[in-house]
Amino acid sequence: MDITGKIVEIGEERSGESRNGGTWRRKEYVIAYKEENATQQRQMMFEVANDNIDRFNLQQGQMVTISIDIDAHEYQGKWFNSIRAWRVETAAEQA
């Protein structure tokens with residue numbers, strides 16, 4: 001799924017160690033976008049993981065198209081959604 005919009009907020013980077021001893025990094029972003037034929041703008045939080053944080057180098061105010069995966073996982077009887085960007089194209093790359 002692809003979404004085009006503007007980065008309106010950037011969260012703090014988080015990191016830690018996984019169960020198997022590897023390290024991980026995550027950073028959350030908020031994108032404002034407008035669906036086709038919609039009258040109101042929507043916002044969605046998504047995350048970028050590990051080396052993609054540095055590779056994408058997203059900045060507040062930047063216009064981008066993100067390709068995302070949506071997944072759900074269970075933790076202690078509760079379900080959580082995860083929206084992760086795996087590809088990002090800036091307006092300059094799209095031109």
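The legends below describe an overall view and close-up views of a predicted model.

**Figure 1. Overall view of the predicted protein model.** The chain has 95 residues and contains 2 helices and 5 strands. Read from the N terminus, the order of elements is β-β-β-α-β-β-α. Along the principal axes, the C-alpha atoms occupy a box of roughly 45 × 30 × 20 Å. The exposed surface of the protein amounts to about 7000 Å², with 42% of it supplied by carbon and sulfur atoms. Buried residues make up 27% of the protein. When contacts between residues at least 6 apart in sequence are considered, 50% of them link residues at least 24 apart.

**Figure 2. Close-up of the largest nonpolar core, which has 16 residues.** The members that touch the most other members are Ile-31, Phe-46, Val-48, Leu-58 and Ile-66. At least two core residues come from each of β1 (2-17), β2 (23-33), β3 (42-49), α1, β4 and β5. In soluble globular proteins, nonpolar side chains tend to be buried together.

**Figure 3. Close-up of Leu-58 and its contacts in the largest nonpolar core.** With residues up to four places away in sequence left out, Leu-58 touches Ile-7, Ile-10, Tyr-29, Phe-46, Val-48, Val-64 and Val-88. Two of these partners, Phe-46 and Val-48, are listed with Leu-58 among the core residues that touch the most other members.

**Figure 4. Close-up of Ile-53 in helix α1.** Helix α1 spans residues 52-56. Ile-53 has a relative accessible area of 6% and is therefore buried, as this value lies under the 20% limit. Outside its neighbours within four places in sequence, Ile-53 is in contact with Glu-13, Arg-25, Arg-26, Lys-27, Tyr-29 and Val-48. One of these partners, Lys-27, lies 26 residues from Ile-53 along the chain, and the C-alpha atoms of the two residues are 7.0 Å apart. Tyr-29 and Val-48 are also contacts of Leu-58.

**Figure 5. Close-up of the largest pocket and its lining.** The space in this pocket is about 210 Å³. Its lining consists of Arg-26, Asp-69, Asp-71, Ala-72, His-73, Ser-82 and Arg-84. Strands β4 (63-75) and β5 (78-90) are the elements that contribute two or more residues to this lining. The largest share, 4 residues, belongs to β4. Sorted by class, the lining comprises 4 charged, 2 polar and 1 nonpolar residues. Arg-26, one of the lining residues, is also in contact with Ile-53.

**Figure 6. Close-up of Asn-50 in the loop between β3 and α1.** The phi angle of Asn-50 is near 55°, a positive value in a residue that is not glycine. The relative accessibility of Asn-50 is 35%, so this residue counts as partly exposed, between the limits of 20% and 50%.

**Figure 7. Close-up of Gln-76 in the loop between β4 and β5.** Gln-76 also has a positive phi without being glycine, with a value near 50°. Its relative accessibility is 67%, so Gln-76 counts as exposed, the limit being over 50%. The two strands that flank this loop are those that give two or more residues to the lining of the largest pocket.

Terms used: Residues are numbered from 1 along each chain as its sequence is written. This is a predicted model: local features need pLDDT of at least 70, side-chain atom pairs count only at pLDDT 80 or more; totals for chains, interfaces and linings use all residues. Side-chain values use heavy atoms; hydrogens and water are left out. On a 1 Å grid over the protein atoms alone, a cavity is a set of points where a 1.4 Å probe fits but cannot get out, and a pocket is an open set with protein on both sides within 12 Å along at least five of seven lines; lining residues have an atom within 4 Å of a point. Grid points are joined across faces, edges and corners, and a volume is the space filled by probe spheres set on the points. Ala, Val, Leu, Ile, Met, Phe, Trp, Tyr, Cys and Pro count as nonpolar, Asp, Glu, Lys and Arg as charged, and the others, Gly among them, as polar. Buried means under 20% relative accessible area, exposed over 50%, partly exposed in between (1.4 Å probe, protein chains only). Contact means heavy atoms within 4.5 Å. Accessible areas come from the Shrake-Rupley method with a 1.4 Å probe; for residues, only the protein chains shown count as cover. A nonpolar core is a set of buried Ala, Val, Leu, Ile, Met, Phe, Trp, Tyr and Cys residues joined through side-chain atoms within 4.5 Å.
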